[in-house]
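Visitor: I would like a quick tour of the charged contacts here. Please keep it brisk.

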Amino acid sequence: MEKDVRDILSHFMIAGKFFGATPVLTGHINDSYNIYIEGNSEPAYFLQWINNYIFKDVPGLMRNIVAVTNHLSAKQSAGKANAAQLRLIPTVDGEFFFRDKEENYWRLYNYISETHSYDVVDDPKIAFEGGKAFGKFSSDLADLPADQLLDTIPDFHNMETRLAAFFQSVMDDKAGRREKVEAEIAFVEERASVMLSIPEMIRRGEIPLRITHNDTKFNNILFDSNNHAVCIVDLDTVMPGSILFDFGDAIRTGANFADEDEKDLGKVDINLPIYEAYTRGFIASTCKSLTVNEKDHLAFAARFMTFIIGLRFLTDYLDGDLYFRTLYPDHNLVRARVQFRLVEKMEENALFMENIVQSALSEYLTH
Ligand code: GN1
Ligand code: MG
């Protein structure tokens, strides 16, 4: 691996001499490495293999990232964006990615130093800061013309197409796993029509499309040593979407007491103080631009996103684990069950979650 990485890096304009690489194992899609340069104890770069089974148009995806990072850097120089920004390191040919002989695509970022992230959050102050940061991310991109961006994964959070794909996978039963998931199939069937309200509203133009991040796992926020959010990472799916998606996915990940793949479902529950703090932070930085329908569906969006990601894990389980990286045979099923249990917990707390949104709105709209 070291030799390959050294070869790949020789195509990029790096400062200094390659010393070593360590794999970063958090994402489920791309392969990532921290890159060390001789004489430095901290990594200097972040290298990624871009999964072109999932991202069908990598050059187009990279044009998106160039547009987004340039836009954010311009805001940062004007003192308006977060404190640190991802920067693409060009290749020796002046491109922003390198394609090797096997048609693998590679990109290199600067390393954002002295930061850390949280998979699960237990401090409301950190949740508030995270909510503010993801809200600000979408406000910072509000003036980037949406037609400049490609849909890197069409219909990414489209519940209609996700449900259709799921029911197809149930019929096909390619991996012979259907009989293990009858209870989960029933869970999906019971909720499908409620979940379809969001794509219907989007289609009717009642919920606007904005430029959104679309993969707002809480651990995509980097915090500095004072726990200030300084950078948002993982820009592959920045494209037109609903702000509801960005709000919901951060709650799904940050405000669950358990990990995304916790085997003990008894540990799965919505952490309401964390939910409240995140919601206040998010509303603090977005409330002036939210429409009435967006405000009215924020709390539901947490359930919507938890359901849709659970649905995708379950679909992939039925298909035989073709999409998400898995570490053991039932990994996708474990992930799906955690999401569905969390959906149930959110259903039980629906009124409370709604009230929190409303009180945060009245607090910040009067500021
Ligand atoms: C994938 O690989 P990662 O963690 O950035 C997925 C997200 C899911 C997430 C579930 C492009 O994100 O949509 O929410 O796994 N990204 C893509 O953990 O499908
Ligand atoms: Mg991602």
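**Charged contacts and the metal site**

Guide: At 33% relative accessibility, K132 counts as partly exposed (between 20% buried and 50% exposed limits; 1.4 Å probe, protein chains only). This is a predicted model: local features need pLDDT of at least 70, side-chain atom pairs need 80 or more, and totals for chains, interfaces and linings use all residues. Residues are numbered from 1 along each chain as written, chains are lettered from A and ligands numbered from 1 in written order, and side-chain values use heavy atoms, without hydrogens and water.

Visitor: Which residue meets K132 in a salt bridge?

Guide: A salt bridge puts a side-chain nitrogen of Lys or Arg within 4 Å of a carboxyl oxygen of Asp or Glu. Here the N to O distance is 3.8 Å. Both residues lie in helix α3 (residues 124-140; a DSSP run of H or I, at least four residues, numbered from the N terminus). The partner is buried, at 14%: E129.

Visitor: What is the N to O distance between R204 and E206?

Guide: R204 is exposed at 53%. E206 is partly exposed at 31%. Their side chains meet in a salt bridge, N to O, at 2.9 Å.

Visitor: Which residues are the protein donors of the magnesium ion (ligand 2)?

Guide: Donors are N, O and S atoms within 2.8 Å of the metal (3.2 Å for Na, K and Ca); water is not among the atoms, so sites may look incomplete. Two OD donors lie 2.0 to 2.1 Å from the ion: D215 and D234.

Terms used: Helix = DSSP H or I, 4+ residues; strand = E, 2+ residues; numbered from the N terminus.
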